[in-house]
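Dear colleague,

Please find below the structure that I am handing over to you. My notes on it follow directly after.

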Amino acid sequence: MSRVALVTGGSRGIGAAISQALKDAGYAVAATYAGNDEAAAAFTEKTGIKTYKWNVADYAESAAGIAQVESDLGPVDVVVANAGITRDAPFHKMTPEQWHEVVDTNLTGVFNTVHPLWPGMRERKFGRVIVISSINGQKGQFAQVNYAATKAGDLGIVKSLAQEGARAGITANAICPGYIGTDMVMAVPEKVRDSIIAQIPAGRLGEPEEIARCVVFLASDDSGFINGSTISANGAQFFV
Ligand code: CAA
């Protein structure tokens, strides 16, 4: 039987490429989305991957959604906590709302996604937790105090889960994408985006598929001794 993979924010951007790559690798995939019904329907139409709508910032919604996925597809073996948002503003202009929205989605959202799945993974003695962090969680970023804090926090989650899950056959790893050609990066003002691309030694934005291939590698049965790690995929823009 196929292993089951759940990808949050899995119908657009990096998440869509991850969902597709996992499907291509033989997983039964469920992709979640928060609000864009049209994009989700188009994604399902194109890929045959079923989508589920819930807000990762809400624990009860996440737990109920995950229960539905498991009833449809079976126990989740691989979870990719990918859903994330930006609310960029220089710190002196950042509002408490912008802070909380990003923390609730990018950080608490990872807790809400993994926590309901954890007991089952422990029981079955197998699990792959993969969190999509960011280069900006490693280096910080102008106008992203909120986002960088959550993405750095995601690395703390992974390193702690790795220690707790290791003896139960569960691995937890993070991927830190650099700047990838998605809607999120395209929303950065063109002048600022050009100056960022100029700082990438590869001379280009990354492609969502380049992140998806890292996920497939970490999800595989063969990568069981890779645990608590961070894979940077950023075109040599930043080294830890
Ligand atoms: N470094 C240094 N200075 C920067 C800067 C940067 N990266 N970005 C903006 N600035 C400067 C501007 O040049 C401007 O300077 P001047 O006033 O001297 O002209 C000033 O900061 C901006 O001041 P404003 O009051 O005009 O700022 P604003 O309230 O209009 O906000 C902004 C503009 C939201 C900061 C906008 O510039 C922006 O979106 N910047 C990009 C932030 C960014 O890189 N986000 C990453 C998104 S992609 C992502 O997050 C995915 C991932 O994981 C990699």
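I begin with a pair of helices. Helix 3 (residues 59-73) packs against helix 4 (residues 96-114) at an angle of about 35°, and their axes are 8 Å apart. Please bear in mind that this is a predicted model. The angle and the distance between the axes are the usual way to describe two packed helices. The crossing of helix 3 over helix 4 is right-handed. On the side of helix 3, the contact is made by Y59, S62 and I66, while helix 4 contributes F111, N112 and T113. By class, the residues of this contact comprise 3 nonpolar and 3 polar ones, with no charged residue.

The second subject is the ligand. There are 20 residues around the ligand, and D88, K93, S134, Q144 and Y147 come nearest. Sorted by class, this shell holds 12 nonpolar, 6 polar and 2 charged residues.

Three side chains may be described individually. D88 places a polar side-chain atom 2.8 Å from a nitrogen atom of the ligand. For S134, a polar side-chain atom lies 2.6 Å from an oxygen atom of the ligand. In the side chain of Y179, an N or O atom is 3.4 Å from an oxygen atom of the ligand.

As to coverage, the ligand taken alone exposes 1000 Å², of which the protein buries 59%. The elements that give two or more residues to the shell around the ligand are helix 6 (135-139), helix 8 (183-186) and helix 9 (190-197).

With kind regards

Conventions: Residues numbered from 1 in each chain as written. Predicted model: local features only at pLDDT ≥ 70, side-chain atom pairs only at ≥ 80, totals over all residues. Heavy atoms only, no water. Near = heavy atom within 4 Å. Polar contact = N/O pair within 3.5 Å; in protein donor to acceptor, adjacent residues only side chain to side chain. Areas by Shrake-Rupley, 256 points an atom, 1.4 Å probe, with all protein chains shown as cover. Helix = DSSP H or I, 4+ residues; strand = E, 2+ residues; numbered from the N terminus. Nonpolar A, V, L, I, M, F, W, Y, C, P; charged D, E, K, R; others polar. Axes fitted to C-alpha atoms, helices over the stretch in contact; angles between N-to-C directions. Left-handed = near helix turned anticlockwise from the far one by under 90°. Contact = heavy atoms within 4.5 Å.
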